[in-house]
Amino acid sequence: MLIGVLSKPLHAQLEELDAALTEQVNLGWLSGQERLRILDHVVRTGFPIAIEEAWAIEGLTHGAARALMQSQAWQHLVQEVHH
């Protein structure tokens, strides 16, 4: 599993993403299924290299993909990859 090999800062980034996604579920912007699809995508493919990678996640609605791209946690993951 990817989490086991992450450095602490990257692990913290994944936790930040999960917390942001959970908040979006609670607010009704994402379904629980979409949250799991996003996390599964990150674990399988690694951190996103562009915010638009949200469009490549199978099963997300257009609204969910837009909300993900606007998420600071998602944007931080993209920035982390480029450092």
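How many salt bridges does the structure hold? The structure holds two, and they appear in the views below together with the core and the last helix. This is a predicted model, in which local features need pLDDT of at least 70, side-chain atom pairs count only at pLDDT 80 or more, and totals for chains, interfaces and linings use all residues. Residues are numbered from 1 along each chain as its sequence is written, and side-chain values use heavy atoms, with hydrogens and water left out.

**View 1. The whole chain is built from five helices and zero strands.** Along the sequence the pattern reads α-α-α-α-α; helices (H or I, at least four residues) and strands (E, at least two) are DSSP runs numbered from the N terminus. Of the 83 residues, 34% count as buried. Here buried means under 20% relative accessible area, exposed over 50%, and partly exposed in between (1.4 Å probe, protein chains only).

**View 2. The largest nonpolar core has 19 residues.** Such a core is a set of buried Ala, Val, Leu, Ile, Met, Phe, Trp, Tyr and Cys residues joined through side-chain atoms within 4.5 Å. Leu17, Leu21, Ile38, Leu68 and Trp74 have the most contacts inside it. Two or more residues each come from helix H2 (8-27), helix H3 (32-45), helix H4 (62-70) and helix H5 (72-82). Take a look at Trp74: leaving out residues up to four places away in sequence, Trp74 touches residues including Leu17, Ile38, Pro48, Glu53 and Met69, where contact means heavy atoms within 4.5 Å.

**View 3. His41 of helix H3 has a polar partner in Glu53.** The two side chains are joined by a polar contact of 2.8 Å. That term covers a pair of N or O atoms within 3.5 Å; within protein, one must be able to donate a hydrogen and the other to accept it, and residues adjacent in sequence count only if both atoms are side-chain atoms. His41 is buried, with a relative accessible area of 8%. Beyond four places in sequence, His41 also touches Gly46 and Ile57.

**View 4. Helix H3 takes part in a salt bridge with helix H2.** A salt bridge is a side-chain nitrogen of Lys or Arg within 4 Å of a carboxyl oxygen of Asp or Glu. Arg35 pairs with Asp18, and their closest N and O atoms are 2.8 Å apart. The pair links distant parts of the chain, with Arg35 in H3 and Asp18 in H2, 17 residues apart. Asp18 is partly exposed at 25% relative accessible area.

**View 5. Another salt bridge joins Asp40 and Arg44 within helix H3.** The closest N and O atoms of Asp40 and Arg44 are 2.8 Å apart. These residues sit four apart in sequence, about one turn of the helix. Asp40 is partly exposed, at 38% relative accessible area, while Arg44 is exposed at 58%.

**View 6. Helix H5 has a buried face and a cap from Ser71.** In H5, Ala73, Trp74, Leu77 and Val78 are buried. Seen down the axis, the buried residues fall within an arc of 145°, so they line one face of the helix; the arc is that of the directions from the helix axis to the C-beta atoms. Exposed Gln72 and His82 are on the face turned away from that buried side. At the N-terminal end, a side-chain oxygen of Ser71 lies 3.2 Å from the backbone nitrogen of Ala73. Ser71 itself belongs to the loop between H4 and H5 and is buried, with a relative accessible area of 14%.
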